[in-house]
Amino acid sequence: MNLFNRQRQASAEGIDGAESLALLSPLERLRQRTKSDEAGLFSAEQDACAAALTLARRWGELHRRGECGIVVASGGRFDRLIESMTADVSRVPFNDLSAMEAAVDSRTVAIILEPIQGSSVVTPASQVYLQGVERLCRALNILLILNEARGPIGQHGGVLCEDSYGVRADIVVLGDHSNRCPRSPALLVRGQACAGRIDQLPGFVPEPVSSLSARRPPVITPPLTTVFDGLMA
């Protein structure tokens, strides 16, 4: 049963909004709050990133006659992984919108980048840059993939890093750590990027929660970051 069917069922049974939210698993709450169509957990951030690239390739098979060109903003932790998964990769400097625009061509199916790069020295994308990349993706009808491994989930008034920038990605990779706390690797997929079932991708792991169908008393839902921290415990 999907998220919306479960909510309708809860409403029909006389369960109020707060209690209905309590019936949802942490992953489903994350999917609902981020307005994602699909969500899944993975054993490692590398697996989640590989799954995002697999979906991009499948999207290319459906919409680009099998093309699978990827443009990468250099500096991400998985640049080598991306290059190993597809031969058609263009690497451009981070925060350079002109270089990104020049690298995109008819073979490109997706742009992938980390909005916040680095560990000891953190380099965030500028708002002009990230919004420009999103506009480019929408104008050319290609996918935008954001790796938010270091994104401030639940901070600065937004659930995801993209909220702070005012953009919306087609695929979001959530890593196993952030700049403040550990969390579970996950993948969020939206719209046309849903080119395959997440639960059939390598590295996918079922969510370790009890049955959601049993009715439970209302509870106070903890902050999203806290819920997600212990998801794989």
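This is a short talk about the sheet in this structure, with most of the time spent on strand β2.

Okay, before anything else: what we have up here is a predicted model. Let's start with the whole sheet. It's an open one built from 8 strands, and the order goes β3-β2-β4-β7-β8-β9-β1-β10, with mixed pairing. At the edges sit β3 and β10, residues 204-205, and each of those pairs on one side only.

Now zoom in on β2, residues 69-73. How many of its residues are buried? That would be 5 of 5, so to speak the strand is mostly covered. Remember that in a regular strand the side chains alternate between the two faces of the sheet. Here both faces are covered: G69, V71 and A73 are buried on one side, and I70 and V72 are buried on the other.

Who are the neighbours? On the β4 side, that's residues 108-113, 4 bridges join the two strands and they run parallel. If you want a spot to look at, I70 has A110 as its bridge partner in β4. Then there's β3, residues 89-92, also parallel to β2 and joined to it by 4 bridges. There, V72 has R91 as its bridge partner. To get from β2 to β3, the chain goes through helix α5, residues 79-85, and that β-α-β crossover is right-handed.

Moving along the sheet, β8 (residues 171-174) and β9 (residues 186-189) are antiparallel, with 4 bridges between them. V172 is bridged to L188 in β9. And what lies across β1, β8 and β9? Helix α3, residues 26-33, running at about 135° to β1.

How values were computed:
Residues numbered from 1 in each chain as written. Predicted model: local features only at pLDDT ≥ 70, side-chain atom pairs only at ≥ 80, totals over all residues. Heavy atoms only, no water. Buried < 20%, exposed > 50% of the residue type's maximum accessible area, 1.4 Å probe, protein only. Pairing = 2+ DSSP bridges. Right-handed = clockwise from strand over helix to strand, strands pointing away. Contact = heavy atoms within 4.5 Å. Axes fitted to C-alpha atoms, helices over the stretch in contact; angles between N-to-C directions.
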